[in-house]
Amino acid sequence: MIEYLLFLQNLREAAPTVVNEGILFVSEFMGGTGALAVMALVYWCISKAAGSFMLLNFSGAYMMNQTLKNIFCVRRPFIRDTRLHPYAEATGYSFPSGHTMLGTAVYSSAAIYQKGRKWFVALCILLTLLTAFGRNWIGVHTPQDVTVGILVSLAVVFAQYRMLLWLEKHPEKDILVLAFAILWAAALLIFIPGSEKTCGIFLGVYIGWFIERRWVRFEVSGKLLHRICQYILGMGLVLVVYKVLTPILVKPFSENLQTLLINLFTFLTVTALYPALLRLVQKKK
C-alpha cells in the first residue's frame, strides 16, 4: 500500500494548494473543535437525543482508537518509508486512523437520526469516505488504517445504539454503563501513558450524560433566534471553562492530571452543566 500512497503523493504535489487545503480541512474537521461545535449545536439546539448519541459515539470511538493504537503499535507510513513526505504533521501510532474513526462516529450517528432523508444519509456517507481518503491523500495513514477505522467505529456506534435501546427497557441500569466507562478510562490511564486527553473527553461525556439523564433532563425549545443566542452563549461558556476557569483551578496538579481535568470539565460543561442552566431558565419561564 506504500505504492498507493506514493501515487497519491505525486498527485498531491501536482495539485493546487486550495485542493490540498480543502482535503486537509475535511479530513481533520471531526478530529478537533469542529466536532465539538457541531455536536454541541445538535445537542443544545436541534435534538438532544441525536446530540447525545453523537457525543457518546465520538468519545467511545476516541477511547477505542486509543486502545487499539497502543495494542498494535503500528508506525506511521512516512516513518516506515522515507520516500513519503506527509502534507501535515501527525504524531502517535498509525493503526487505526483516529480522524477516520471520529468522523465515522459523528457522521453515522447523524445519519441514523435522519435516516428518512436519503440525501442527508448520502451526504454523511460521502463525508465519511472523504475523511478516510483525506488521511491517505495527505500521507499520514495507509488504506488499512482508514478501512479498519471505519469498521471499528461503526461497531462502536452499533454497540452504543443497542445499549441505548437496552436502557429504554432498563433505565436504572445506566449506573452500570457509567461504572464500565470509569473502569475503562482508569485502565487506559494506568497502562497507556499520554491517554489523559482521551480519557478526559470520555469521562466528561459519560459522567455528563449520566447526570443529565438522571437529574437535569433539559429540553430543546424556543424559536430559531433564541436557539442561536443559546448556542453562542453556550460556546462562550465552554471556551471560558476550557481556556480560563479550569486551567486556573487545576494549576496545582501535574501536567498530565491538568490535561485530564481540563478536557473532562470542558465536555462535562457541554453535556450537563450548560444543559442544567438551560433547564433552570426553562423552569423560570
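**Figure 1. Secondary structure and overall dimensions of the predicted model.** The secondary structure of the protein, taken here from a predicted model, comprises 12 helices and zero strands, so that every position in the order of elements, read from the N terminus, is α. The C-alpha atoms occupy a box of roughly 65 × 45 × 40 Å along the principal axes. For a chain of 285 residues, a compact globule would be expected to have a radius of gyration near 19 Å, and the value of 19 Å found for the protein agrees with that expectation. Of the contacts with a separation of 6 or more, 77% are made by residues that lie 24 or more positions apart.

**Figure 2. Surface and charge of the protein.** The accessible surface comes to about 14600 Å², and 69% of this area belongs to carbon and sulfur atoms. Among the 285 residues of the protein, 48% are buried. The side chains include 26 that are positive and 14 that are negative, and the centres of these two sets are 11 Å apart.

**Figure 3. Helix α4 and the residue that follows it.** Helix α4 covers residues 48–72, and because a rise of 1.5 Å a residue would give its 25 residues a span of 36 Å, the distance of 36 Å between its end C-alpha atoms agrees with the expected value. The helix is mostly covered, with 19 of its 25 residues buried. Just after α4 comes C73, a residue other than glycine whose phi is nevertheless positive, near 55°. C73 belongs to the loop between α4 and α5, and its relative accessibility of 35% places it in the partly exposed class, because that class lies between the limits of 20% and 50%.

**Figure 4. The cis peptide bond before P96.** F95 and P96 are joined by a cis peptide bond, for which omega is about -10°. P96 is located in the loop between α5, which consists of residues 77–80, and α6.

**Figure 5. Helix α7 and the helices that cover it.** Helix α7, formed by the 20 residues 118–137, reaches 28 Å from its first C-alpha to its last, which is close to the 28 Å expected at 1.5 Å a residue. The buried residues in α7 are C124, T128, T131, A132, G134, R135, N136 and W137. Their cover includes helices α1 (2–14), α2 (17–28), α6 (98–113) and α8 (143–169). Just after the end of α7, G139 adopts a positive phi of about 80°.

**Figure 6. The surroundings of S27 in helix α2.** S27 is part of helix α2 and, with a relative accessible area of 1%, is buried. When neighbours within four places in sequence are left aside, S27 is in contact with H99, T131, G134, R135 and I138. Three of these partners, T131, G134 and R135, are themselves listed among the buried residues of α7, and α2 is one of the helices that cover the buried residues of α7. A further pair that can be located in this view is S27 and Y231, which are 204 residues apart in sequence and whose C-alpha atoms are 25 Å apart in space.

**Figure 7. I207 in helix α10 and R217 in the loop that follows.** I207 is situated in helix α10, which runs over residues 196–216, and its relative accessibility of 24% makes it partly exposed. Apart from neighbours within four places in sequence, the contacts of I207 are with L178 and L268. The C-alpha atoms of I207 and L264 are separated by 9.0 Å, although the two residues are 57 residues apart along the chain. R217 lies in the loop between α10 and α11, where it has a positive phi of about 55° although it is not a glycine. With a relative accessibility of 52%, R217 counts as exposed, because the limit for that class is set at over 50%.

**Figure 8. The buried threonine T246 in helix α11.** T246 is found in helix α11, which is made up of residues 224–249. At 4% relative accessibility, T246 is counted as buried, because the limit for that class is under 20%. Not counting residues up to four places away in sequence, T246 touches V241, L261, I262 and F265.

Note on methods: Residues numbered from 1 in each chain as written. Predicted model: local features only at pLDDT ≥ 70, side-chain atom pairs only at ≥ 80, totals over all residues. Heavy atoms only, no water. Helix = DSSP H or I, 4+ residues; strand = E, 2+ residues; numbered from the N terminus. Rg over C-alpha atoms; globule rule 2.2 N^0.38 Å. Buried < 20%, exposed > 50% of the residue type's maximum accessible area, 1.4 Å probe, protein only. Contact = heavy atoms within 4.5 Å. Areas by Shrake-Rupley, 256 points an atom, 1.4 Å probe, with all protein chains shown as cover. Lys, Arg positive; Asp, Glu negative; His and termini not counted. Charge placed at Lys NZ, Arg CZ, Asp CG, Glu CD. Expected span 1.5 Å × (residues − 1).
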